Protein chains: 2
Amino acid sequence: MMHKCKIGIIGFGTVGKGVFKILNTKKDNHPILKEIEIIKIAVKDINKKRDIQVNKDLLTDDIDSVIKDPRIDVIVEVMGGIDIAKDIIIKSLNAGKSVVTANKAVMARFGYEIYKIAWKNNVYILFEAAVCGGIPVIEPLKKSLKSNQITKMIGIINGTTNFILSKMSSENSSYEGSLQIAQDLGYAESDPSADVEGHDAADKISILTEIAFGGKIKRNEIETEGINFINLKDIDYASKLGFEIKLIALSERINNDSSDSLPLNTWVGPTLIPKGHPLASVEDVNNAILIKGDPLGEIMLYGPGAGSGPTASSVVSDILNLKSISFTNNKKGLSTFDPLLAFDFWRKCHLIESAQIRKKFYFRLICQDTPGVIGKIGHIFGTNSVSIESIVQFDATDNEAEIVVITHEVTKGNIEKSKTELNSLTEVKLIASQLNCI
Amino acid sequence: MMHKCKIGIIGFGTVGKGVFKILNTKKDNHPILKEIEIIKIAVKDINKKRDIQVNKDLLTDDIDSVIKDPRIDVIVEVMGGIDIAKDIIIKSLNAGKSVVTANKAVMARFGYEIYKIAWKNNVYILFEAAVCGGIPVIEPLKKSLKSNQITKMIGIINGTTNFILSKMSSENSSYEGSLQIAQDLGYAESDPSADVEGHDAADKISILTEIAFGGKIKRNEIETEGINFINLKDIDYASKLGFEIKLIALSERINNDSSDSLPLNTWVGPTLIPKGHPLASVEDVNNAILIKGDPLGEIMLYGPGAGSGPTASSVVSDILNLKSISFTNNKKGLSTFDPLLAFDFWRKCHLIESAQIRKKFYFRLICQDTPGVIGKIGHIFGTNSVSIESIVQFDATDNEAEIVVITHEVTKGNIEKSKTELNSLTEVKLIASQLNCI
């Protein structure tokens with residue numbers, strides 16, 4: 001007879017309730033689910049009316065009593081937020097309990113510290129639900145793909161922005177209108193800035209980057225642009241040129257034998273993707289990530305990026321992982337400890353400076369409709385070593401023309417120099433948009 | 001200091017050499033790879049000239065000496081074949097060694113027996129490489145998705161046939177010509193029957209079905225059709241109607257509360273897929289599988305389905321899994337044993353009878369070009385309770401017309417009755433093709 005895994009849940013919102021439902025399902029799931037027992041659930045208000053039937057004896061408003069409960073093996077932190085959640089995670093690890101969390105903001109900012117504390121206490125911190133909802137991506141990067149050298153990851157890892165961009169593209173609906181629909185459907189929060197400004201995607205690519213490449217990076221150094229300034233014109237022009245616009249998170253290793261720290265090119269931003277690219281057809285709140293490894297080649301993991309069911313599925317997977325391998329042994333020392341699942345950094349990494357980032361760019365310029373303007377624009381890019389893939393003029397009216405420039409892969413430094421010169425050109429009224437291309 | 005994982009490799013073909021390369025890479029992979037040591041490699045001919053540099057002391061032609069070597073913790077069976085490979089796997093497990101294999105034929109036929117033997121000996125049988133090459137799919141089904149009730153799997157899981165069908169579709173190249181190209185590129189064997197007749201895909205869906213649904217099934221009961229009779233006309237007509245033709249493997253649970261054994265609908269066959277479906281754009285030797293779970297929703301795993309690098313990546317992942325969690329403890333009994341990774345059946349399952357399988361069908365009929373023929377065909381289907389989605393006439397010449405019928409979802413039994421009546425109709429010269437639709 002195996003030892004039951006006894007858990008305490010902290011927070012009982014969408015994800016917490018989803019976990020409760022899986023563990024109390026009447027469906028004929030794998031019998032190991034019956035080996036997980038909820039001992040306590042910490043909530044703000046015990047007497048709040050809930051749309052789910054829960055034995056009141058399980059509820060408490062005293063978080064510390066859950067962390068300290070000697071019966072509990074695993075703390076499930078699904079309350080969200082940053083500072084308090086971080087404290088709860090660290091306290092729980094120091095109390096000798098493994099922790100499962102869906103908290104990307106905490107793991108992106110304090111992963112290094114938290115991994116160390118977990119390791120020191122011979123317990124685990126697992127967080128499959130923090131990135132890409134129900135898609136297994138943390139586990140593959142920690143374990144299944146560890147036989148590879150990961151070279152590049154590129155993904156759509158924020159469902160809210162993908163929903164908004166899908167709406168804008170398929171229904172020619174404005175950014176504001178599409179955001180409103182997302183809010184009405186519960187896909188965007190009333191303050192949507194974490195999603196639409198790209199910070200949520202930056203949290204996630206930060207976590208993935210550290211796990212895939214094995215070194216600590218500085219979360220606040222990730223160059224991050226959101227979708228809140230995307231114009232329907234850009235979506236229209238991109239489409240005419242054969243592209244979809246998606247909020248992309250990218251992270252890749254840059255080979256540099258001379259450094260003892262691995263340089264990484266990591267960024268988040270709205271990006272033109274060729275319509276035939278596998279990421280171009282990822283619609284609505286779905287997520288997808290392409291992972292390139294040597295000798296593996298390229299795989300793609302695709303699925304629902306958010307929602308109660310998918311997120312809870314990942315949380316329970318982590319609990320099952322703990323149930324099936326570890327916590328019965330974790331007092332015996334590291335030799336009974338899964339070092340890949342536990343995760344520790346194995347090298348130094350650093351993000352390259354913004355000016356050194358190499359990528360393809362898209363510009364929309366509002367210009368005077370005079371002869372020679374395309375030549376002048378081309379000349380400026382050329383003198384700054386920016387090679388151009390295409391220049392196309394759209395919508396000439398009232399002495400005004402819109403000119404779209406797509407460059408080859410160039411450094412951001414050379415782009416900035418070009419922009420300064422473009423801005424001083426009389427014929428260029430405005431650099432209306434700047435986006436990335438892959 | 002952790003115990004090194006010492007392995008013996010049996011077979012040194014494409015996959016074996018791929019494993020050797022990963023374990024001897026000069027790249028800055030995760031340091032845990034250095035903790036895996038190859039003790040012996042069993043080959044047929046020690047003195048054979050090889051395109052890879054190997055210390056001759058590692059080689060032996062005595063398989064038993066590898067299995068019995070007390071230094072070796074894990075046997076890596078990558079020799080292929082069925083009977084001898086099965087014996088080696090069982091002998092190794094009985095000798096107290098965990099086994100990693102890429103052998104889908106053995107696991108599809110003898111999985112039940114082998115899981116039991118591994119479990120009895122407190123060792124593991126891992127086989128990520130047996131299905132979908134480098135894509136992690138066995139691990140997710142065994143562990144990461146175990147919080148879900150899996151309801152359906154549908155995939156392109158044979159790279160050779162996908163390459164041939166991609167060639168036929170994109171270059172209007174005949175089946176025979178496309179097969180020849182696949183053979184020239186090393187994607188198809190000189191005797192291609194296991195691939196083109198669907199047996200390889202049936203092996204793989206058999207393995208996935210047992211792991212996802214938790215019960216033993218009878219491999220030889222899986223209804224299996226290949227692509228060797230696919231005509232360019234079918235690809236052309238399908239395309240005109242908005243479909244791609246792919247070799248699909250499908251397995252789904254059928255809810256049936258009255259039985260203590262879960263009924264499963266499982267088959268392999270050439271199938272029309274709407275062009276917008278995520279599987280329709282899987283090209284060349286790539287594989288992809290959609291997995292539907294409750295409460296997860298649908299995820300897709302996509303990537304290279306074969307080849308030395310991807311397959312070796314999965315083999316080494318399995319070795320790492322053993323290294324990181326288990327073999328240091330496996331003498332202590334089941335409590336230190338990962339029951340999900342080890343895998344055991346937890347319920348009864350059975351395949352439903354062929355006549356009960358429900359799906360959509362595509363027919364190409366060669367008919368006399370006489371008035372009323374479409375009406376007569378429609379009448380026959382109708383009287384046999386086969387509801388029709390579309391009937392389209394193509395290519396009427398010389399008193400002959402080709403008529404394509406696509407049905408709604410119906411039982412195979414009703415289809416067989418309809419076919420008997422169609423064959424007795426004077427106007428129907430030939431039922432030239434019968435394919436599946438999703």
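## How the two copies meet

Two residues are taken to be in contact if their C-beta atoms, placed from the backbone, lie within 7 Å. In this predicted model, 52 residues of chain A are in contact with 52 residues of chain B. Of the interface residues of chain A, 100% are also interface residues in chain B, so the copies meet through the same surface.

The side of chain A that touches chain B draws at least two residues from each of several elements, among them helix H1 (14-23), strand S12 (297-304) and helix H11 (308-325) of chain A. The largest share, 10 residues, is supplied by H11(A), and the residues of this side divide by character into 22 nonpolar, 21 polar and nine charged.

## Symmetry and the strands at the axis

A turn of 180° with a shift of 0.0 Å along the axis lays chain A on chain B with an RMSD of 0.0 Å, which is the relation of a two-fold axis. The C-alpha of chain A nearest this axis belongs to Leu301(A), at 2.5 Å from it.

Leu301(A) also stands opposite Leu301(B) in S12(B), and the strands S12(A) and S12(B) pair in the antiparallel sense over three bridges.

## A sheet within chain B

In chain B, six strands form an open sheet with parallel pairing, in the order S3-S2-S1-S4-S5-S6; its edge strands, S3 (59-60) and S6 (125-126), each pair on one side only.

Strand S1 (residues 5-10) of chain B pairs with strand S2 (residues 36-42) of chain B over six bridges, and Lys6(B) has Glu37(B) in S2(B) as its bridge partner. Helix H1 (residues 14-23) of chain B packs on the sheet, where H1 touches S1, S2 and strand S4 (74-77), and its direction makes about 150° with that of S2(B).

Definitions and conventions:
Residues numbered from 1 in each chain as written. Chains lettered and ligands numbered in written order. Predicted model: local features only at pLDDT ≥ 70, side-chain atom pairs only at ≥ 80, totals over all residues. Least-squares fit on C-alpha atoms with pLDDT ≥ 70 in both. Pairing = 2+ DSSP bridges. Helix = DSSP H or I, 4+ residues; strand = E, 2+ residues; numbered from the N terminus. Axes fitted to C-alpha atoms, helices over the stretch in contact; angles between N-to-C directions. Nonpolar A, V, L, I, M, F, W, Y, C, P; charged D, E, K, R; others polar.
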